[in-house]
Amino acid sequence: MKRLSLIIAALGLAAAAASAQPPGPPPGGRFDLDELTILLDLDAYQKGEVGRVLTEQRDALLAEREAQRAARERSSSAATDERPPPDELRARRDGNRDEVLGTLQNILTEQQMTKLKILMQPPQGARGPRGAPF
């Protein structure tokens, strides 16, 4: 009976400790517009403009992906089915991120940009890139 009580107490403490942890960043480090609005303290104009920029970026990336898929389907050679090298993918991702940050710099205040850059940093001890928060 004493052993059962100890197990139940340990499970209770573990559950309490788990629930006391602050929530971590979303999977993949991405935030939706409502979360960014709260985290960056965006006003209504900024929220609309940030939403527009993020939607344009998403649509452009989806169009690029669809064009690549169509090109692979049209081509029958095995060479075009290969993925681009990781360095090329990283360069594209960094270019897209820099382009979006440049656009957002015209919308957000300096303090908001600083917060956004902090949010974009990978958590300490994380392996690999966390990616952009959008």
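Asp 41 is a good place to start: with a relative accessibility of 59%, this residue counts as exposed, because the cut-off for that label is over 50%. Keep in mind that what you're looking at is a predicted model. Asp 41 sits in the loop that links helix 2 to helix 3. Its backbone deserves a glance too, since phi is near 55 degrees, a positive value in a residue other than glycine. That positive phi comes just after helix 2.

Now zoom out for a moment. The protein has 5 helices and 0 strands, so the order of elements from the N terminus on is simply α-α-α-α-α. Of its 134 residues, 22% count as buried. The accessible surface comes to about 10000 Å², and carbon and sulfur atoms account for 56% of that. As for how the chain meets itself, take the contacts between residues at least 6 apart in sequence: 61% of these join residues at least 24 apart.

Back to helix 2, which runs 33-40. At its N-terminal end, Asp 32 acts as the cap, with a side-chain oxygen 3.2 Å from the backbone nitrogen of Asp 34. Further along, Leu 36, Thr 37 and Leu 40 are buried. These residues are on the same side of helix 2 because they cover an arc of only 105 degrees around the axis. There's a familiar bit of geometry to recall here: an α-helix has 3.6 residues a turn, so residues three or four places apart point the same way. What do the buried residues of helix 2 pack against? Their partners are helix 3 and helix 5. Leu 40 gives you a close-up: leaving aside neighbours within four places in sequence, this residue is in contact with Leu 108, Gln 112, Lys 115, Leu 116 and Leu 119.

On the other side of the loop comes helix 3, and its start has a similar polar detail to look at. A side-chain oxygen of Asp 43 reaches to within 3.1 Å of the backbone nitrogen of Tyr 45. Helix 3 has 31 residues and spans 45 Å from its first C-alpha to its last, close to the 45 Å expected at 1.5 Å a residue. Its buried residues are Gln 46, Glu 49, Val 50, Gly 51, Val 53, Leu 54 and Gln 57, and they pack against helix 2, helix 4 and helix 5.

Pick out Val 53 from that list. Its relative accessible area is 6%, so Val 53 falls in the buried class, for which the limit is under 20%. Not counting residues up to four places away in sequence, Val 53 touches Val 100, Thr 103, Leu 104 and Ile 107. Take Thr 103 as one example: 50 residues separate it from Val 53 in sequence, yet the two C-alpha atoms are 7.6 Å apart in space.

All of this leads to the largest nonpolar core. In soluble globular proteins, nonpolar side chains tend to be buried together. Here the core has 16 residues, and those touching the most other members are Leu 36, Leu 40, Val 50, Leu 104, Leu 108 and Leu 116. Which elements give two or more residues to this core? They are helix 2, helix 3 (44-74), helix 4 (86-105) and helix 5 (110-120). Helix 5 provides the largest share, with 4 residues.

Technical notes: Residues numbered from 1 in each chain as written. Predicted model: local features only at pLDDT ≥ 70, side-chain atom pairs only at ≥ 80, totals over all residues. Heavy atoms only, no water. Core = buried A, V, L, I, M, F, W, Y, C linked by side-chain atoms within 4.5 Å. Buried < 20%, exposed > 50% of the residue type's maximum accessible area, 1.4 Å probe, protein only. Contact = heavy atoms within 4.5 Å. Arc of directions from axis to C-beta. Polar contact = N/O pair within 3.5 Å; in protein donor to acceptor, adjacent residues only side chain to side chain. Areas by Shrake-Rupley, 256 points an atom, 1.4 Å probe, with all protein chains shown as cover. Expected span 1.5 Å × (residues − 1).
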